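Read the following with the model open beside the text. The paragraphs go from helix packing to the sheet and then to the enclosed spaces.

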Amino acid sequence: MAQTYVLITGAWHGGWAWRPVAERLRAQGHRVLTPTLPGLADGDDPTAHQLGDVVDFVVDVVESRDLRDVTLVGHSWGGYVITGAAPRLALRLGRLVYWSAFVPAADRPLYEEIPPSYQELFGSLAAASGTNSIALPFEVFAGAFMQDAPEPVQRTVHSLLVPHPFQYFTTPVAPVDPAALGVPTTYLVSVDDIALPPGAFAWAPRFPERLGVAAVPIPGSHEALFTDPDSLATALLQP
């Protein structure tokens with residue numbers, strides 16, 4: 001039976017990043033939307049929007065098209081976006097899926113959920129940018145985000161990334177209780193994802209526990225949407 005997927009990217013990415021996965025889902029007969037969020041299109045002004053504007057945008061994507069029984073997927077920072085949107089879209093959602101994603105806790109912005117080394121790096125880059133934005137250094141991207149790809153592929157993808165508005169990292173989002181919303185929720189975690197280091201700052205178990213679910217391991221790195229789209233698409237197709 002055909003489903004509707006709305007795929008929300010992580011930081012620095014536009015909707016284009018989902019294309020390999022979206023093509024595989026569409027080949028199975030599903031409808032797939034991959035919006036590029038405000039502030040993350042090529043040439044966008046990083047100072048023009050707040051995180052609430054991004055949440056409003058996603059709500060509008062679903063409501064303006066009168067989408068129903070939606071599988072709403074958030075990757076990485078996109079976990080903040082889908083968490084903000086979920087209560088407003090609960091009656092239109094069939095499932096929430098967090099993939100190696102942040103799950104907000106009360107009054108805790110993403111900036112407070114990352115290791116101190118990232119905090120220092122992102123803060124200094126934003127301060128020096130002149131636009132309160134973070135351009136992800138290639139060395140960090142290649143070594144921690146897409147370490148399972150050859151360097152030419154890493155450089156191609158990195159060249160397409162845009163500076164990420166720092167205010168999107170410093171704004172909290174109210175936590176979500178999937179059980180109270182009545183929306184089935186899945187937490188996928190890529191087994192080779194080292195964008196967050198093992199230990200207290202790891203993706204799991206802290207984030208799935210906030211949702212009251214167990215993590216579902218899948219192959220790949222933080223950029224598995226490029227490096228292993230088959231496995232990621234297969235995981236998203238599971239009920």
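Helix 1 (residues 19-27) and helix 10 (residues 229-237) have axes that come within 9 Å and cross at roughly 50°. Helices here are DSSP runs of H or I with at least four residues, strands are runs of E with at least two, and both are numbered from the N terminus. Axes are lines fitted to C-alpha atoms, for helices over the stretch in contact, and angles run from 0 to 180 degrees between N-to-C directions. The crossing angle makes helix 1 oblique to helix 10; angles under 35 degrees count as roughly parallel, over 145 as roughly antiparallel, 65 to 115 as roughly perpendicular, and the rest as oblique. Helix 1 passes helix 10 in a right-handed crossing, that is, with the near helix turned clockwise from the far one by less than a right angle.

This is a predicted model, in which local features need pLDDT of at least 70 and side-chain atom pairs count only at pLDDT 80 or more, while totals for chains, interfaces and linings use all residues. Residues are numbered from 1 along each chain as its sequence is written, and side-chain values use heavy atoms, with hydrogens and water left out.

A second helix pair is helix 5 (residues 138-145) with helix 6 (residues 151-160), packed at an angle of about 125° with axes 10 Å apart. These two helices are therefore oblique to each other, and their crossing is right-handed.

Turn now to the sheet. It is open and parallel, with 6 strands in the order 2-1-3-4-7-8; two strands pair if DSSP finds at least two bridges between them. Strand 2 (31-33) and strand 8 (215-218) are at the edges with a single partner strand each, so one side of each lacks a neighbour in the sheet. On average, neighbouring strands are turned by 25° against each other, direction ignored. Within the sheet, strand 1 (residues 4-8) runs parallel to strand 3 (residues 70-76) and is joined to it by 5 bridges. Leu-7 stands opposite Val-73 of strand 3.

What remains is the enclosed space. The whole structure holds 2 cavities of 30 Å³ or more. A cavity is a set of points on a 1 Å grid over the protein atoms alone where a 1.4 Å probe fits but cannot get out, and its lining residues have an atom within 4 Å of a point. Grid points are joined across faces, edges and corners, and a volume is the space filled by probe spheres set on the points. The largest cavity has a volume of about 130 Å³. Of its 15 lining residues, Trp-12, Ser-76, Phe-102, Phe-122 and Phe-145 are the closest to its centre.

Key. 1 Å grid on protein atoms, 1.4 Å probe; cavity = no way out; pocket = protein on both sides within 12 Å on 5 of 7 lines; lining within 4 Å.
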